[in-house]
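Student: I am new to this structure and would like a close look at one part of it, the salt bridges within helices. Could you walk me through them and then place them in the wider chain?

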Amino acid sequence: MTRFLFKGIRFRLTLVYSTLFGLFICAFAYIITNQYLQDGRADFDHGLFNYAIDLSEHLQVDHAGLKINFTLPASEDRKSFPFMLQETYYFVRSLDGKIISKGLSKSPFQEIPFDPTLPRKEDYTHRFFTFSSNDSHYRAVNLKITNRSGKKEMILQVATPSDALEDQEKRHLLMTFFMVPILIVISSFASYLIAGNALSPIKSLTDTANNIAAKNLSLRVPEVNTGDEVAELARTLNNLLERLEKSFKAQEHFVSNASHQLNTPLAIIKGELDVLESKPRSIEDYVRFQKSLREEISRLIELVANMLLVSRVESGLENFIFNPQRIDDLLLTTSSRLAYKAREKKVTVRFNISEDIPPESLTVMGEKQLLDSLFENILDNAIKYTPENSSVQIDIKIVGGKLEVWIQDEGPGIQDDFEEYLTKRFHRGIGISIPGTGIGLPIANRIAGYHNAKILYERPGQRGSRFIIRFN
């Protein structure tokens, strides 16, 4: 179970989603944190720079630049700065680095670091930097200013502790490092639940499929109306089960029919051979037995061929490829193939096509072998049941805009319900002595249904049968 858990689709989906989400959240946290730190330092430097500007505007410097007084207005305390004014310290230096004056507050350091080479550059206006003193960190700015006469340039240095800013940055980083793993764990748990919910139909499909066997192929997996791949999988499995059920039923019918129908002719053949061997026979007896055996063997061949055709037809429409077929060509081929039977009975087969039928109307979409079997079964029955020295008429017509094939014989006709002959296998009329299998018409009816056609029956008179194959 544990091995399956860590190899299942649910676990793999969770792992992939959690990895992608983890990479995304880490990248997002890095970008946001980096931007937050930059913005925080920029705001801190901006406040420090503004405060330095305010100081420079309120410094009282004599013309010689030797005496400096700090006289900040009272309103300065009411402004908002990202640092404490009480812990902010000032130095005024000459460009060569000599300290001219200090702020009123006593600083915890001797002086603010200074590089005398930088202020002498023409483009130098101000510069931010960080330094440490007594285990504390300070953020400072150097601002170039001038005295009242505007002739003497000096450097105003303002420094304030940056420990509060650094503590705030540490808290933000700590929260980020703490929240990112929690979010990844929560997202992993959520993705595991979501994946389980998404895959629950597949679990149901698996359970149902495991319960399906050859004896209960009528069972179907539950179909979900989600319109996604799972629904498509369910429909595909059900279509597969339907085809398997048809194949198994066709196989069962074939075995059942074979065991039932083959038993009689085989028993007759065995009985004939037993009688033949029971005592010496004359040449006439051997000829008679040979003729009888040949008839039974012919019946066996016909029966096996029909049962194989039944098995193929019942396997399903999806096993056939439909192409345009000319009905007149198929009927001519079928009548030519059965011409020897007609000659044996001295039956004339007449063929007629209405002159007003355009050639394109004689074409239908169908499977050649199936249509051959359809026409052969009906025409063979017509020849079989027509008396000697009579005729069978084949007509192709357009009736009500639909193509129809009429096959009419002069036989005894069907006395009882025609539907039973179309739907029931091995059904034969009472008192009929002509050999047959009773499955020709059911096969023809199934083939007609595959081709969107219908088989109709009429009695043209006291005798005879008219079979009408109407293509819709």
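Tutor: Let's start with the whole chain, then go through the salt bridges, and end with a few other spots worth finding.

This is a predicted model, where local features need pLDDT of at least 70 and side-chain atom pairs count only at pLDDT 80 or more, while totals for chains, interfaces and linings use all residues. Residues are numbered from 1 along each chain as its sequence is written, and side-chain values use heavy atoms, with hydrogens and water left out.

First, the overall picture. The protein chain has 11 helices and 14 strands; both are DSSP runs numbered from the N terminus, with helices being H or I of at least four residues and strands being E of at least two. Of its 472 residues, 38% count as buried. Buried means under 20% relative accessible area, exposed means over 50%, and partly exposed is in between, using a 1.4 Å probe and protein chains only. The accessible surface of the chain comes to about 28200 Å², and 57% of that belongs to carbon and sulfur atoms; the areas come from the Shrake-Rupley method with a 1.4 Å probe, and for residues only the protein chains shown count as cover. Among contacts in the chain with a separation of 6 or more, 64% are between residues 24 or more positions apart, a contact being heavy atoms within 4.5 Å.

Now to your salt bridges. The term stands for a side-chain nitrogen of Lys or Arg within 4 Å of a carboxyl oxygen of Asp or Glu. A search of the whole structure finds 13 of them, and we can visit three.

Begin in helix 5 (residues 263-277), where Asp274 and Lys270 sit 4 residues apart, about one helical turn. They form a salt bridge whose closest N and O atoms are 3.1 Å apart. Asp274 is partly exposed at 39% relative accessible area, whereas Lys270 is exposed at 53%.

Move on to helix 6 (residues 283-314), where Asp285 and Arg288 are 3 residues apart, again about one helical turn. Here the closest N and O atoms of the salt bridge are 3.9 Å apart. Both partners are partly exposed: Asp285 has a relative accessible area of 22%, and Arg288 has 48%.

While you are in helix 6, find Leu300, which also belongs to this helix. Leu300 is buried, with 14% relative accessibility. Its C-alpha atom is 8.2 Å from that of Leu266, although the two residues are 34 apart along the chain.

The third pair is in helix 9 (residues 368-385), with Asp380 and Lys384 4 residues apart, or about one helical turn. Salt bridges that share partners join Lys341, Asp380 and Lys384 into one network. Between Asp380 and Lys384, the closest N and O atoms are 3.9 Å apart. Asp380 is buried at 10% relative accessible area, and Lys384 is buried at 17%.

Next, turn to helix 3 (residues 163-211). Its 49 residues reach 71 Å from first C-alpha to last, close to the 72 Å expected at 1.5 Å a residue; the expected span is 1.5 Å times one less than the number of residues. Helix 3 bends by about 45° at Leu199, and the proline Pro201 follows within four residues. That bend is the angle between axes fitted to the seven residues ending at a residue and the seven starting there.

Helix 3 is also where you will find Met175, which is exposed at 56% relative accessible area. Together with Phe178, Met179, Ile182, Leu183 and Ile186, Met175 makes a nonpolar surface patch of about 560 Å². Patches are made of residues with over 30% relative accessible area and no salt bridge; like charges are joined within 9 Å, and nonpolar side chains (Val, Leu, Ile, Met, Phe, Trp, Tyr) within 5 Å.

Finally, look at two loops. Most residues other than glycine have a negative phi. Lys346, in the loop between helix 8 (339-344) and strand 9 (348-353), has a positive phi near 60° without being a glycine. Lys346 is exposed, with a relative accessible area of 57%. Asn389, in the loop between helix 9 and strand 11 (391-399), is not a glycine either and has a positive phi of about 60°. Asn389 is exposed at 61% relative accessibility.
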